[in-house]
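Please open the model in your viewer and keep the selection panel at hand. The tour begins with a sheet and then moves to the contact between two domains.

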Amino acid sequence: MSAPGLVFRVIDTGQRGGRANMAFDQALIELHVERRIPDTIRFLQFSPCVLVGRHQNLAEEVDLDYCAEHGVEVGRRVTGGGALYLDPSQFGWELVFNRAALGVRDLADAARRICEAAAAGLSQLGIPVHYRPRNDLEIDGRKVGGTGGFFDNDTLFYQGTVLLDCDAARMTHALRVPAAKLAKRALTEAAARMIGLNQALGRPVAPADAKAALLRGFADNLGLTLQLGGIGQQEEARAAALLQDEIGTEDFVHGPKAPAAPHASAELATAGGRLRVDFRLEGPDRGLIREALITGDFFVTPPRIIYDLEASLRGSPAADAPHAIRHLLASRSATCLGFTPDDLARAADQALRGTAAEGCHD
């Protein structure tokens, strides 16, 4: 249980572009790790954009031609998970704090406690909102918000979105939603599983009212004392530098590409999301890994471990890859939300064996 009276600063950075918002996220994380800012709750809004998860393949998730033609910015989040379409009809919320403040054990525990608090707060608007593991907020089985997060040392960053309205047409055009994902839920279109607060309640909801409800949920259910605060100059300066040097760059947004042929690949569906493993092989009998790429809409913390894992596999014997994956994830105490190191090792093994990797988890 959290100690009563834990003080969290509350800030609202208003509407910004997707990349600028992600740069501010990273600035908050870095400054909190450096102990230069207090535990914080941030609200944010977006101009039209698509944001892919930290480990996703951009071209597979986003219709880049549509986005370019219709002025939809494309960016990449610092958290894992799936691709999102965002615009002014929804808003984001996020918490950056020391894990000891709430006494959370791991990422799954943090997700449950924070999402249950968020659901309790939004329910005060007049309609029941529920947390659906692993990271959704729902009204009558339809998604009103998604969430995700990760640890950076002792700092926990956890974020979510709340739909006020849903521009289903633009969302379905901007995102490449896999047909298999739709069939899995017996849907004919992705928008059928989405609902905005306005539609659910049958009346317009002011963003300020929804944010106030969320804050009540966090205060009442997490034992927080909330203090309205201002945006620090150091936060804006760090965010501007990150936007220019990293998060706003095309290299960061487009991310790594699948290895060129000849390559081996497999995809695995798990409770925590899709895992895809691609290898470019070389040497006698294609027995050495020249390049490795691990992508998908999963969550893992620390997120950098995926890049470290890819680097460690380069130049190694292909036959050793499943064992190497298990060993590195165990030695670094990685937290995989909804999947296991064995799942990732199995996807690698099936890629190397040239077999299809299809899971059947719900």
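Strands here are DSSP runs of E with at least two residues, helices are runs of H or I with at least four residues, and both are numbered from the N terminus; two strands count as paired if DSSP finds at least two bridges between them. The model is predicted, and local features need pLDDT of at least 70, side-chain atom pairs count only at pLDDT 80 or more, while totals for chains, interfaces and linings use all residues. Residues are numbered from 1 along each chain as its sequence is written, and side-chain values use heavy atoms, with hydrogens and water left out.

**The sheet**

Select β4, β3 and β5, which in that order make up an open sheet of three strands with mixed pairing. Residues 73–76 (β4) and 84–86 (β5) stand at the edges, and because each has a single partner strand, one side of each is left without a neighbour in the sheet. From one strand to the next the twist averages 25°, where axes are lines fitted to C-alpha atoms (for helices over the stretch in contact) and angles run from 0 to 180 degrees between N-to-C directions.

Next, add residues 49–52, which are β3, and follow the four bridges through which this strand pairs with β4 in the parallel sense. Val 52 has Arg 76 of β4 as its bridge partner. Now show residues 18–33, helix α1, which packs on the sheet and touches β3 and β4, contact meaning heavy atoms within 4.5 Å; the direction of α1 makes about 20° with that of β4.

**The two domains**

Colour residues 6–254 as domain 1 and 264–359 as domain 2, following the domain assignment, whose bounds come from an automatic or database source. Their centres, taken over C-alpha atoms, are separated by 27 Å, and the contact takes 21 residues from domain 1 and 19 residues from domain 2.

The area buried between the domains (the accessible area, with a 1.4 Å probe, that two parts lose on being put together, summed over both) is about 1700 Å², and carbon and sulfur atoms give 57% of it. Select His 55, Leu 107 and Arg 134, the residues of domain 1 that lose the most area to domain 2, together 42% of what that side buries.

Which residue forms a salt bridge with Arg 274? Glu 61 does, with the closest N and O atoms 2.9 Å apart; a salt bridge requires a side-chain nitrogen of Lys or Arg within 4 Å of a carboxyl oxygen of Asp or Glu. Finally, display α2 (58–61), α5 (107–123) and β9 (142–152), each of which supplies at least two residues of the side of domain 1 that touches domain 2; the largest share of that side, five residues, comes from β9.
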